[in-house]
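Student: Could you take me through one part of this structure slowly? I am new to this and would like to see how the pieces fit together.

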Amino acid sequence: MSNKETKTDVILIGAGIMSATLGTILKELVPEWKIKMFEKLENAGEESSNEWNNAGTGHAALCELNYTSEKTDGSIDISKAIKINEQFQVSMQFWSYLINRNLISNPQDFIMPLPHMSMVQGEENVTFLKKRFEALSENPLFQGMEFSNEPKKLKEWIPLIMEGRTSNEPIAATKIDSGTDVNFGALTRMLFDHLKNQDVEIKYKHQVEDIKRTEDGLWELKIWNKETGNIERHTAKFVFIGGGGGSLHLLQKTGIPESKHIGGFPVSGIFLSCNNPEVVKQHHAKVYGKAKVGAPPMSVPHLDTRYIDNQKSLLFGPFAGFSPKFLKTGSNMDLITSVKPNNVLTMLAAGAKEMSLTKYLIQQVMLSKEQRMEELREFIPNAKSEDWDLVVAGQRVQVIKDTVEGGKGTLQFGTEVISAADGSIAALLGASPGASTAVHVMLEVIKKCFPQHIEEWEWKIKKMIPSYGESLMENPELLREIHTSTAEALGLKEKELAYS
Ligand SMILES: Cc1cc2nc3c(=O)[nH]c(=O)nc-3n(C[C@H](O)[C@H](O)[C@H](O)COP(=O)(O)OP(=O)(O)OC[C@H]3O[C@@H](n4cnc5c(N)ncnc54)[C@H](O)[C@@H]3O)c2cc1C
């Protein structure tokens, strides 16, 4: 059965953090617009945005070594770290705005303060970390960062990691207390609850099957209502494809020229998780190490304290792996069906270029739990297998495209907003830095797709995000104000005391 529905202003596809964020911003900017959201699963935040499917790091470049690279002259390039930190401040301001307006509540249910640390071993890595620390700590965005290569200090900071360590290899770490653990699943659910109160039509168990342009320039979506088995058709002036790993297939269905010559490379993830309170209480930080040679940047090993459902646990990983699925709940045919005549050469070129990465990922998939425990023991020498369980994480579909620098079939590790020239449809591809920068990325979607409104909306955006359009690094006074006001609104200072 098929039934025609009335048209709407905006359709959001997928109930992840990206659609939740875009819907919330648009409702603040133009409350009168009609918005509908379709999600194929039963609830919001069930795929990558779910708390158990990602690492929950509020990525502000405080600890991720892959955001700072060493230049040929030996100096450290911190430009990417600055960009990501500024983008995270945008998220913090928007979340604070929502709390201050009572649009969402109980910030402790989605954000907790947690020191962010980088830890390295070996002479060369220690020298790199020291130089990185010197470059970052001079910058106002990274104020408060400390460095130590003193075992006594490190024992204070990371007792679980230092205990039982017999190697004489030099070891060093940096620590900054203004880091966070973010429960993106809880935040996504809160935002959809809020959107429901704002009359956004939210439909779960509705899978978008096709997207076509109508003669009058609208977009018509063919949607399978999984509960009734009916096919529905809904039209909108603007569509956001926030299907996470499912976005590429949907983008390809639009047929827009911008969707061509793009492919996806899925990377799966596995964490080790520990709930033994005796072990959990000995660690209080997110500690990021260095990626192994040949490993993709998103598989940098880290040992994290997590706050999920008011409980502390530890998470280690992610171990990257290969699976042809584009979503955790996806199909083994996802990769193959994403190959189209227009992207087959791009995909083949990437296949040839990324042979060693694919081999690495396949090897990683084959690792036994005990082999994964051995990797964990590089962090926690005394880790016991019985304290740790394997948890399957979300899928990350990296973008493959042809670039001037990398040539045909170049693997990208960032996020990409792909939109039609007329701004009537946009899709988000890629997964890094991910949920942490959702607000910045959704503002990019708004800028690209609603250029005619940006001027009139600017004052409203500034109300939500006081630093909008400004560089915080170059405005230390505003940075200080924002640090203070966001910590207060999100209750980060109080919680720090409560948990210490
Ligand atoms: C292992 C791992 C670790 C990560 N760690 C971090 C981290 O520490 N910090 C961080 O900031 N980010 C992290 N990320 C990235 C972050 O999780 C993602 O960037 C973010 O959750 C993506 O949100 P999304 O809304 O785009 O997608 P998702 O949360 O995946 O949501 C997409 C939704 O669309 C639905 N959907 C798909 N196709 C259809 C369709 N045809 N019809 C209807 N619905 C559809 C899906 O069911 C899903 O619910 C990590 C990701 C992974 C996998």
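Student: Which residues have the most contacts inside the largest nonpolar core, and how many residues does the core have?

Tutor: Happy to help! First, two notes on reading the model. Residues are numbered from 1 along each chain as its sequence is written. The model is predicted, and local features need pLDDT of at least 70, side-chain atom pairs count only at pLDDT 80 or more, while totals for chains, interfaces and linings use all residues.

Now to your core. The largest nonpolar core has 135 residues, and Ile13, Val239 and Met442 have the most contacts inside it. A nonpolar core here is a set of buried Ala, Val, Leu, Ile, Met, Phe, Trp, Tyr and Cys residues joined through C-beta atoms within 7 Å. "Buried" has a cut-off too: 20 or more other C-beta atoms lie within 10 Å of the residue's own, whereas 12 or fewer makes it exposed and anything in between partly exposed, with C-beta atoms placed from the backbone. As background, nonpolar side chains tend to be buried together in soluble globular proteins.

The largest share of this core, eleven residues, comes from α2. Names such as α2 follow DSSP runs numbered from the N terminus, with helices (H or I) of at least four residues and strands (E) of at least two. Helix α2 covers residues 79-100, and Val90 lies in it. Val90 is buried because 24 other C-beta atoms lie within 10 Å. Leaving aside residues up to four places away in sequence, Val90 touches Val439, His440, Ile465 and Ser467; a contact means that the two C-beta atoms, placed from the backbone, lie within 7 Å. Val90 and Leu443 are 353 residues apart along the chain, yet 9.9 Å separates their C-alpha atoms.

Let's follow Met442 next. Not counting residues up to four places away in sequence, Met442 touches Met18, Thr21, Leu22 and Ile25. Those four are among the buried residues of α1, so they lead us to that helix. Helix α1 spans residues 17-29, which makes 13 residues. From first C-alpha to last it reaches 18 Å, close to the 18 Å expected at 1.5 Å a residue; the expected span is 1.5 Å times one less than the number of residues. Eleven of its 13 residues are buried, so α1 is largely enclosed by the rest of the structure. Its buried residues pack against β2 (8-13), β3 (35-38), α6 (184-197), β14 (231-241), β23 (425-429) and α13 (438-449).

Helix α1 also brings us to the ligand. The ligand is surrounded by 41 residues, and the closest are Gly14, Gly16, Gly244, Gly246 and Gly434. Being near the ligand means having a C-beta atom, placed from the backbone, within 6 Å of it. The elements that give two or more residues to this shell are α1 and β12 (206-213). The largest share, three residues, comes from α1. By class, the shell has 17 nonpolar, 19 polar and five charged residues. In that count, Ala, Val, Leu, Ile, Met, Phe, Trp, Tyr, Cys and Pro are nonpolar, Asp, Glu, Lys and Arg are charged, and the others, Gly among them, are polar.

The other element named there, β12, has a partner of its own. Seven bridges join β12 to strand β13 (residues 219-225), and the two run antiparallel; strands pair if DSSP finds at least two bridges between them. Arg213 stands opposite Trp219 in β13. The two strands form a hairpin with five residues between them, and Gly217 in the turn has a positive phi of about 80°. Just look at the loop between β11 (201-203) and β12 as well, where Lys205 is found. Lys205 has a positive phi of about 55° although it is not a glycine. With 15 other C-beta atoms within 10 Å, Lys205 is partly exposed.

One more hairpin rounds off the tour. Strands β17 and β18 have two residues between them, and Asp309 in that turn has a positive phi of about 50°. Seven bridges join β17 to β18 (residues 311-321), again antiparallel, and Arg306 has Ser313 in β18 as its bridge partner. Six of the seven residues of β17 (residues 302-308) are buried, so this strand is largely enclosed by the rest of the structure. Finally, Pro318 is found in β18, and the peptide bond leading to it from Gly317 is cis, with omega near -5°.
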